[in-house]
Amino acid sequence: MADVPENAPEHCPGTTSEQAGKSSSCEGCPNQKLCASGATKAPDPAIAEIGEKLSSVKHKILVLSGKGGVGKSTFSAHLAHALASDGTKEVALLDVDICGPSIPRIMGLEGEQVHQSGSGWSPVYVEDNLAVMSIGFLLSSPDDAVIWRGPKKNGMIKQFLRDVDWGELDYLIVDTPPGTSDEHLSVVQYLSSTHVDGAVIITTPQEVSLQDVRKEIRFCQKVKLPIIGVVENMSGFVCPKCKNTSQIFPPTSGGAEKMCADLNLPLLGKVPLDPRIARSCDEGKSFLSEVPDSPAAEAYQRIVQSIQEYCSNRATEEQSTT
Amino acid sequence: MSQVKHVVLVLSGKGGVGKSTITTELALALRHSGKKVSGHSLCGLALCFPPCLRQSQRLTTLCGPQVGVLDVDLCGPSIPRMLSVGRPDVHQCDSGWVPVYTDAQKTLALMSIGFLLDDPDDAVVWRGPKKTALIGQFVSDVAWGELDVLLVDTPPGTSDEHLAVLENLKKHRVDGAILVTTPQAVSTGDVRREITFCKRTGVRILGIVENMSGFVCPHCSECSNIFSKGGGEELAKLTGSEFLGCVPLDPLLSASIEEGKDFTQSFPDSATFSAISSILHTLLKSLETD
Ligand SMILES: Nc1ncnc2c1ncn2[C@@H]1O[C@H](COP(=O)(O)OP(=O)(O)OP(=O)(O)O)[C@@H](O)[C@H]1O
Ligand SMILES: Nc1ncnc2c1ncn2[C@@H]1O[C@H](COP(=O)(O)OP(=O)(O)OP(=O)(O)O)[C@@H](O)[C@H]1O
Ligand SMILES: [Mg+2]
Ligand SMILES: [Mg+2]
Ligand SMILES: [Zn+2]
């Protein structure tokens, strides 16, 4: 059962919330008694099921940012492409941005639909070893809006984690919406009985973005999610004509570099603004294979390499402690 | 709220497209719009503001429009920084929360949910129902006084904050929404969904703004379309919405926003400013005809 039962009123606070059975919207709901009894607030059995299901996934990486539009989805997609370029690795990309799913377009999968198989939902494959899941595959048209409150979004995320038939995986990458709310809490909670390698935090250089990203870092600390490192995206633009660099999003407070130094976090790298990145995203192609020798592609590759190293170090650490 | 004449939401399905920036610049441009020309019969200024927004009672001292900005982005409130008000304490009076004014003349009033938080770096890790409850209280309880226009800045998406803010504002009035997008398909795709949201919730679409379209190199004047070009206008055509205009990607604008400076005053001759004022003009016209 999802957090919001089918027969619940519109403002249902969710069966597992503190307000379950007590809020004013619970009046008249057929589940009110059950919710008020506290029975529904017991730990969700799905957490254990998800733990079991994903225990064989070697590495799980969340891509987070407090700020919108900094390039979380672009980075998630390219991380997935880069990891999957090693044909021996099985990679999955899960989009938990329920209201604004960008992954189908960026991965060139617009209009694809998810199929139900005996063992759950089958993801959509970009290549044999690169599987993708997004709510975008469940919508019937590009105009479809997902006007859902938190509890319903949480139910969907639970289904994504529990019911998608990924097969054996080396990497599971999770792209998130901006902020520190339902989607983020749900992902972290539903993954709490399984091992998560950590989060990659994306920011742009300006303080307007960093001020939100600091909150995201606090969030990670609060929920004890390790931080793999920070990526500064859209840092500087080199004019294709005169080759001068412009700081379109100026690092007025020292950029990600200063923030990382202050908070003692690794800076994984800086990716410049490049119009070809935006175009590749719109066309659903991998920028890494479109323009492999560009400074931005090189920056991506170095960042991916640091992430791979982090993950394999963590894996060996774990083996040596057990 | 009863003394607020027009309420305009700034929405986008996509994050980081400039909702907060456009809100800020429109508010600043609006505030100054009354002070530009002189010679009006009532207040000594010529046609200082579209008449529908100007009550004749308000005479010389407060000739310009009274503008309010309401920021309901709980997890990432940007407006206090963009309008350079820091982190003031908000006070309560008999009629509710007293907004924070950005100027001594009190022509621009601001209320941000960020003011209620203790530590600026602290994360607001709240699920929907809690956000809904706070926004509900918050929206109805600000003592705006008399306002010509209230602009509401929102987080990206079509979820709790949006539903909560609408539910509460609709008791008073909502003129409609401005939708902000960047030119790329990745963004217009999300904004198409936001349009559906507006239709389903009965919010009039006042128009679409294409932001970050075209970057003119300050060194050689070459224009690069970093985030593509034309997507906003195309989307407006496709969906039969009004197109309000394009705002270029301008490092002077992002720098002003960073420092909380008034771009509309610092660069009144820039192409970016003229784009903003033309958007404002079209917006005001459509507010007149509802
Ligand atoms: N380095 C870059 N250079 C040029 N364009 C970029 C770069 N990184 C991202 N973009 C473009 O910027 C836009 C925003 O990126 P993206 O959608 O990945 O951000 P996001 O953080 O996932 O946004 P949201 O908060 O809405 O989920 C996209 O159109 C993308 O193609
Ligand atoms: N036309 C522009 N030229 C240059 N920089 C811009 C422009 N519009 C916005 N920016 C910058 O882009 C960044 C993102 O803008 P802003 O914070 O207004 O977006 P938003 O849609 O409110 O984001 P969020 O979804 O996180 O609320 C800011 O640093 C802002 O200064
Ligand atoms: Mg995204
Ligand atoms: Mg904003
Ligand atoms: Zn140049």
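**Entry 1: the largest pocket**

I looked up the largest pocket first and found that 32 residues line it, with A:Pro13, A:Ser17, A:Glu18, B:Arg127 and B:Pro129 nearest its centre. My note on terms: on a 1 Å grid over the protein atoms alone, a pocket is an open set of points with protein on both sides within 12 Å along at least five of seven lines, and a lining residue has an atom within 4 Å of a point.

Before going on, I wrote down that this is a predicted model, where local features need pLDDT of at least 70, side-chain atom pairs count only at pLDDT 80 or more, and totals for chains, interfaces and linings use all residues. Residues are numbered from 1 along each chain as its sequence is written, chains are lettered from A and ligands numbered from 1 in the order in which they are written, and side-chain values use heavy atoms, with hydrogens and water left out.

Back to the pocket: about 810 Å³ of space lies in it. That volume is the space filled by probe spheres set on the grid points, which are joined across faces, edges and corners. Two or more lining residues each come from α5 (150–163) and α6 (182–190) of chain A, and from α3 (128–140) and α4 (160–169) of chain B. Helices here are DSSP runs (H or I, at least four residues), strands are runs of E (at least two), and both are numbered from the N terminus. Which element gives the most to this lining? I found that α3(B) does, with 5 residues.

I also sorted the lining of the largest pocket by class and got 9 nonpolar, 13 polar and 10 charged residues. For the classes, Ala, Val, Leu, Ile, Met, Phe, Trp, Tyr, Cys and Pro count as nonpolar, Asp, Glu, Lys and Arg as charged, and the others, Gly among them, as polar.

**Entry 2: closed spaces**

Next I checked for cavities (sets of points where a 1.4 Å probe fits but cannot get out). The structure holds 2 of them at 30 Å³ or more. I picked the second largest, with a volume of about 70 Å³. Of its 13 lining residues, A:Cys12, A:Gly21, A:Cys26, A:Cys29 and A:Cys35 are the closest to its centre. The class count for this lining is 8 nonpolar, 5 polar and no charged residues.

**Entry 3: ligand 1**

I counted 23 residues around ligand 1, and the closest are A:Lys72, A:Ser73, A:Thr74, B:Lys14 and B:Gln184. A residue counts as near if one of its heavy atoms lies within 4 Å. Why do I call this site shared between chains? Residues from both A and B surround ligand 1, so it is.

Then I went through some polar contacts (pairs of N or O atoms within 3.5 Å; within protein, one must be able to donate a hydrogen and the other to accept it, and residues adjacent in sequence count only if both atoms are side-chain atoms). A polar side-chain atom of A:Thr74 sits 2.5 Å from an oxygen atom of ligand 1, and one of A:Lys72 is 2.7 Å from an oxygen atom of the ligand. A:Val70 uses a polar backbone atom instead, 3.1 Å from a ligand oxygen. The protein covers 98% of the 630 Å² of accessible area that ligand 1 has on its own. Those areas come from the Shrake-Rupley method with a 1.4 Å probe, and for residues only the protein chains shown count as cover. By class, I noted 11 nonpolar, 8 polar and 4 charged residues in the shell.

**Entry 4: ligand 2**

Of the 24 residues around ligand 2, A:Lys67, A:Gln206, B:Lys19, B:Ser20 and B:Thr21 come nearest. Chains A and B both supply residues here, so this site is shared between chains. An N or O atom in the side chain of A:Gln206 is 2.5 Å from a ligand oxygen, and a polar side-chain atom of A:Lys67 is 2.6 Å from an oxygen of ligand 2. Cover by the protein comes to 98% of the 630 Å² that ligand 2 has accessible on its own. Two elements of chain B, α1 (19–33) and α7 (251–259), give two or more residues to the shell.

**Entry 5: one last residue**

I ended with B:Thr282, which is in helix α9 (residues 271–288) of chain B. Is B:Thr282 buried or exposed? I wrote down buried, because its relative accessible area is 18%; buried means under 20%, exposed over 50%, and partly exposed in between (1.4 Å probe, protein chains only). The side chain of B:Thr282 reaches the backbone oxygen of B:Ser278 at 2.8 Å.
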